[in-house]
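Biologist: Could we go through this structure together, with a reason behind each answer?

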Amino acid sequence: MRKRTEEKRRSSLKLVDELQKLKLMTEQILPQVLDKILSDTKTPDDVFSALLPALGEVLNCDRVFLYLRNPETQRGRVPYCWRRNSNFPEIGDAVWKKEPESLGEEDPLFAAALRTEPSIFVEDVETANPEVVNKNFEAKEFGHRALIHAHLCADGLLWGVLQPCMFDRPRVWTDFDRQVIAAVTEKISPLAVAYVTASASKDER
């Protein structure tokens with residue numbers, strides 16, 4: 001009886017130890033891969049330039065781009081885009097452009113972002129709820145099959161959208177993927193505001 005109790009105690013301790021190791025490992029993934037980029041004192045440009053390739057590798061996706069916008073003027077651009085290889089289309093804007101007035105109506109993902117709703121994880125554009133995703137719009141404008149529409153918000157306004165995606169196949173976004181996006185968007189939203197505030201007014205002239 002005592003032997004059985006001791007075995008149970010040891011088994012329980014071993015399980016606790018394994019769970020602690022797993023927790024520690026999980027906590028270390030972000031600091032090792034992304035937190036160094038996000039925690040170093042750098043300009044928004046330095047952070048965004050380093051972050052997109054690292055995020056693409058962490059999420060194992062095909063492309064990541066960052067759309068930044070001025071919520072007062074509704075002008076935006078894509079200054080940063082990472083692609084796993086040249087087979088995937090590049091997206092980018094040299095200058096700030098006025099957002100089409102119909103964009104919120106055509107693109108329910110963008111409409112949700114404007115309402116500063118939580119980031120949206122689309123596993124398959126082809127089968128997604130049409131109230132959430134406009135399949136034809138996504139096919140025409142982006143061509144991806146699965147995506148994360150990550151919203152960069154501050155003070156009740158949308159300052160940018162971070163968009164990792166897959167092209168040729170659906171993708172089940174895991175809890176880990178969601179945790180990474182939650183942590184990244186929280187940290188870079190103030191940088192998006194700083195970037196737009198510093199450069200939008202200059203570039204819009």
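**Cysteines, a helix and an aspartate**

Modeller: Counting pairs of cysteine sulfur atoms within 2.5 Å as disulfides, the total comes to 0 disulfides. This is a predicted model, in which local features need pLDDT of at least 70 and side-chain atom pairs count only at pLDDT 80 or more, while totals for chains, interfaces and linings use all residues. Residues are numbered from 1 along each chain as its sequence is written, and side-chain values use heavy atoms, with hydrogens and water left out.

Biologist: Which cysteine holds the closest sulfur to that of Cys 61?

Modeller: A disulfide is a covalent bond between the sulfur atoms of two cysteines. The sulfur of Cys 61 has its closest cysteine sulfur 6.8 Å away, which is too far for a bond, and that sulfur belongs to Cys 165.

Biologist: Where does H2 bend?

Modeller: Helix H2, a DSSP run (H or I, at least four residues, numbered from the N terminus), covers residues 44-59. A proline, Pro 53, follows the bend within four residues. The bend, taken as the angle between axes fitted to the seven residues ending at a residue and the seven starting there, is about 30 degrees and lies at Leu 51.

Biologist: Which side chain of opposite charge is nearest to Asp 62?

Modeller: Asp 62 sits in the loop between H2 and strand S1 (63-70), strands being DSSP runs of E with at least two residues. Asp 62 is buried (under 20% relative accessible area, 1.4 Å probe, protein chains only), yet has no salt bridge, a term that asks for a side-chain nitrogen of Lys or Arg within 4 Å of a carboxyl oxygen of Asp or Glu. With Lys and Arg counted as positive and Asp and Glu as negative, leaving out His and the chain ends, the nearest side chain of opposite charge is 4.3 Å away and belongs to Arg 169.

How values were computed. Expected span 1.5 Å × (residues − 1). Buried < 20%, exposed > 50% of the residue type's maximum accessible area, 1.4 Å probe, protein only.
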